[in-house]
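Biologist: Let's go over the ligand site together. I'll ask where each term comes from, and you set the values against the rules.

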Amino acid sequence: MSTKDASLASVIESLRVKQDKPLKLSDHDPAATLGWDKEAAKLELEDVKVRIDVLQQRLFAEEQRSLLLVLQAMDAAGKDGTIRNILAGLNPAGIKVSSFGVPGGPEVQHDYLWRVHAAAPSKGLIGIFNRSHYEDVLVVRVKQFVPKSVWSKRYDHIKAFEELLDDEGTKVVKCFLNVSQDEQRKRLQERVDDPEKRWKFRMGDLEDRKLWPEFQEAYTDALAKTSTDKAPWYVVPADRNWVRNLAVAKILLHHLEEMKPQLPPEEEGIDGLVVT
Ligand code: ADP
């Protein structure tokens with residue numbers, strides 16, 4: 001293993017939520033730099049993106065498997081910014097971004113996994129979930145939209161659902177963008193103050209902010225109960241955008257490398273062919 005690969009593997013390992021260890025989010029510093037330097041990290045991100053690009057092309061050409069990256073976070077942790085930064089420069093035809101808001105229309109006529117299953121990436125694609133089925137054990141639990149007897153069964157459903165995806169060729173990788181309460185305050189204030197950002201602000205964000213401890217508890221449970229080998233969770237420090245972007249990019253790269261997507265076999269007779 002090269003030094004580069006060894007350092008990638010050790011960062012991934014340090015952020016992964018382990019199945020056999022109790023999770024305490026307070027042990028994860030949202031402002032951590034992971035030992036990286038800002039300027040070097042920006043350059044490295046470009047390198048990581050080039051490597052992701054090559055593997056994405058192979059995954060697309062192979063057309064046998066897919067990867068689903070789930071992003072979950074409190075408001076203003078930077079889900080949109082992460083998606084913009086990491087995916088810029090990749091082949092848009094090979095990416096499917098799906099966002100999940102308050103369910104409406106036919107979504108409420110079905111079970112909570114219906115809409116997410118329908119949005120799962122087809123073979124060859126990288127899918128990104130901006131929020132996901134985890135809302136149904138997060139906001140739904142914290143705001144008591146359904147009783148405990150209902151949401152408490154969902155961790156097992158989710159594990160089984162993600163195992164099904166994995167068994168059928170979709171690698172599931174999940175990142176919790178871990179922003180601090182103080183950094184969230186600054187970012188929400190910026191949204192209020194900046195006319196270009198105000199459209200992102202909803203009064204409801206303040207209600208969720210008041211429920212911070214309840215959300216932290218719900219996140220802790222969700223991550224601890226559903227981080228598996230097949231569908232691991234990562235706690236990504238999100239107070240510094242440059243750390244967050246590089247960490248998520250590295251996690252994505254690591255899993256694409258593990259998948260080893262292969263170019264399809266070429267047609268007979270192409271080798272050495274001179275095109276006239
Ligand atoms: P975002 O905050 O992700 O940029 P929005 O401003 O559209 O996007 O907010 C989406 C809202 O939908 C969030 O408040 C989220 O908690 C809520 N939401 C998502 N899924 C569900 C769900 N299953 N049940 C209730 N609310 C949900």
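Biologist: What does the ligand sit in, and what makes you say so?

Modeller: The ligand sits in the largest pocket, because the rule asks that more than half of its atoms lie within 2 Å of the pocket's grid points. This is a predicted model, where local features need pLDDT of at least 70 and side-chain atom pairs pLDDT 80 or more, while totals for chains, interfaces and linings use all residues. Residues are numbered from 1 along each chain as its sequence is written, and side-chain values use heavy atoms, leaving out hydrogens and water.

Biologist: Why is it called a pocket and not a cavity?

Modeller: On a 1 Å grid over the protein atoms alone, a 1.4 Å probe fits in a cavity but cannot get out, whereas a pocket is an open set with protein on both sides within 12 Å along at least five of seven lines. The largest pocket has a volume of about 1300 Å³, that is, the space filled by probe spheres set on grid points joined across faces, edges and corners.

Biologist: What makes the Lys79 pair a polar contact?

Modeller: A polar side-chain atom of Lys79 is 2.8 Å from a ligand oxygen atom, and the rule wants N or O atoms within 3.5 Å, so this pair counts. Arg202 also passes, with a polar side-chain atom 3.0 Å from an oxygen atom of the ligand. For Gly101, a backbone N or O atom lies 3.2 Å from a ligand nitrogen atom.

Definitions and conventions: Polar contact = N/O pair within 3.5 Å; in protein donor to acceptor, adjacent residues only side chain to side chain. 1 Å grid on protein atoms, 1.4 Å probe; cavity = no way out; pocket = protein on both sides within 12 Å on 5 of 7 lines; lining within 4 Å.
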